[in-house]
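Colleague: Got a minute to go through this one with me? I'd like to talk about how the strands and helices are arranged.

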Amino acid sequence: MNVHSEVRPRTNWAGNIAFAAPDFYRPATGSELQSVVARARQVRVLATGHSFNDMADSPGAQVSLAGLPPEVELDSAGAQVRVAAGLSYARLASQLDRYGFALRNLASLPHISVAGACATGTHGSGPANQNLAAAVAGLELVTADGDVVELGREDADFPGAVVHLGALGAVTRLILDVVPSFQVSQRVYEGLPLDVLDDHFAAIMASGYSASMFTDWRAPRLTQLWIKSLAEHGTPSVTEEPWFTATPAPSARNPVPGLPADNSTEQLGVPGPWFERLPHFRPEFTPSAGDELQTEYLLPVGHAVPALRALHQVGDRIAPTLRICEIRTIAADELWLSPAHRQDSVAFHFTWLPDTAAVLPVATLIERQLAPFAPRPHWGKIFTTPAADLYERYDRLPDFLRLAGHYDPAGKFRNAYTARYLGR
Ligand SMILES: Cc1cc2nc3c(=O)[nH]c(=O)nc-3n(C[C@H](O)[C@H](O)[C@H](O)COP(=O)(O)OP(=O)(O)OC[C@H]3O[C@@H](n4cnc5c(N)ncnc54)[C@H](O)[C@@H]3O)c2cc1C
């Protein structure tokens, strides 16, 4: 059966997880996938492997959907697109734009697969922008016995099935909401003092379609502030906004200190299509630093300033292991396992040096500092939050387990990650 050891990834993208799955399959058709799943004792989909933990590993088989036809079927009248789940946002976005359509938002990189991103609640920024999974209007799933199930917004359990951590089955197609294509321009500002955020955090975050704050915690200031604006609204100017004690960057920047701007999307206020501005990183280059680990925590946006202060208190413990910290906002949604479930959220993201032993205690320290705000970790990154805390912070987790038991009664899609964090 279709084992492709020559294309088999041995590790995740970051290289910190060596996959232990003894078997690997790369089916070329939906029916081949159905028989791989039906026959496997244990199985998990591996997409582009950009998660920083072992969630895509399996004690049995890993299956890649990269060999399935890369379908993109647009329903212009219904403003929806049906896509093959293994497609990357980079491939989908340029096609969609050619048809005159767009996705509302994107993550910092377009390299990741649509299915992998939605499975983990991956997000971009913007107070009115929900995470990428919130665009999912329907999905097709190959369940443990090899059957194909279709779910849509009309199904009661649908909000439980969209952010699924790979635990319900193999998602083969997704239907996404689309909007008319739009133009975005971005500007980078530097050196905003942290205490300006005490009174202006929400205003700054709302000053563009999407905004990202960066700090290295080495001084009480933002290293950079990225504002992505809808081109028809123009870009904010220094004199118009009272919070701009920061200076506009005179040339293009990379958010990661010390790295060249070549892999970053175009800045300096030059308008361009949504998919070439909403991510920070260009598809043709390695995104971010490449040599790194990541953690991220989401909490109610109303706690953003006290949470910033709590992190500032331990800035000297964070800084030595850190490349850069990014702060974003995400609008609430109804998806059971979304880290923004029913709360408008602020996200504190940390791009670390590639040193797991150094990162883990700092992650635990951050979790302790943020504990009063009940932070929900990004499912696809490194965290040490115990399962009991996750159960307190996700009230629909028991319902999700029931759903997993329904589609996967024998636990084929279980792995060490689900055992650790879901107790299943
Ligand atoms: C440089 C970099 C930048 C990042 N930036 C952001 C960011 O801006 N915002 C953010 O929120 N996150 C970000 N992430 C995290 C990333 O978005 C998530 O880890 C995402 O899940 C990666 O998608 P993937 O396609 O690589 O999925 P994988 O890592 O391959 O898989 C993730 C999970 O989804 C499951 N899965 C994948 N496809 C399927 C399928 N078809 N059916 C069933 N299960 C499936 C897997 O089994 C696994 O459990 C970043 C990661 C990197 C490396």
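Modeller: We can take confidence, then the sheets, then one helix pair.

Colleague: What is the average pLDDT of the protein chain?

Modeller: This is a predicted model, and the chain averages a pLDDT of 94, with 96% of the residues scoring at least 70. The pLDDT is below 50 over residues 237-242. Beyond near neighbours in sequence, that stretch has five contacts in the model.

Colleague: How should the predicted coordinates be read where pLDDT is low?

Modeller: Not in detail.

Colleague: Sheets, then. In what order do the five strands of the open sheet come?

Modeller: The order is 4-5-9-7-8, with antiparallel pairing. Strand 4 (72-75) and strand 8 (148-152) are at the edges. Each has a single partner strand, so one side of each lacks a neighbour in the sheet. From one strand to the next, the twist averages 15°.

Colleague: Which helix packs on the sheet and touches strand 7, strand 8 and strand 9?

Modeller: Helix 1, residues 30-39. The direction of helix 1 makes about 65° with that of strand 7 (136-142).

Colleague: And which strands does helix 2 lie across?

Modeller: Helix 2 (residues 89-98) lies across strand 4, strand 5 and strand 9. It runs at about 40° to strand 4.

Colleague: Back to the pairing. How many bridges join strand 5 to strand 9?

Modeller: Five, between residues 80-84 of strand 5 and residues 170-177 of strand 9, and the two run antiparallel. Alanine 84 is opposite arginine 173 of strand 9.

Colleague: What about the three-strand sheet: is the pairing parallel or antiparallel?

Modeller: Parallel, in an open sheet with the order 1-3-2. Strand 1 (23-25) and strand 2 (43-45) are its edge strands, each pairing on one side only. Ignoring direction, neighbouring strands are turned by 25° against each other on average. Three bridges pair strand 2 with strand 3 (residues 61-63), and valine 43 faces alanine 61 of strand 3.

Colleague: Different topic. At roughly what angle do the axes of helix 6 and helix 8 cross?

Modeller: Roughly 140°, and the axes come within 9 Å. Helix 6 covers residues 304-313 and helix 8 residues 356-370. The two helices are therefore oblique to each other, and their crossing is right-handed.

Colleague: Which residues make the contact?

Modeller: From helix 6, Ala307, Ala310, Leu311 and Gln313; from helix 8, Ile366, Gln369 and Leu370. By class, five residues of this contact are nonpolar, two are polar and none is charged.

Technical notes:
Residues numbered from 1 in each chain as written. Predicted model: local features only at pLDDT ≥ 70, side-chain atom pairs only at ≥ 80, totals over all residues. Heavy atoms only, no water. pLDDT = per-residue confidence, 0-100. Contact = heavy atoms within 4.5 Å. Axes fitted to C-alpha atoms, helices over the stretch in contact; angles between N-to-C directions. Helix = DSSP H or I, 4+ residues; strand = E, 2+ residues; numbered from the N terminus. Parallel < 35°, antiparallel > 145°, perpendicular 65-115°, else oblique. Left-handed = near helix turned anticlockwise from the far one by under 90°. Nonpolar A, V, L, I, M, F, W, Y, C, P; charged D, E, K, R; others polar. Pairing = 2+ DSSP bridges.
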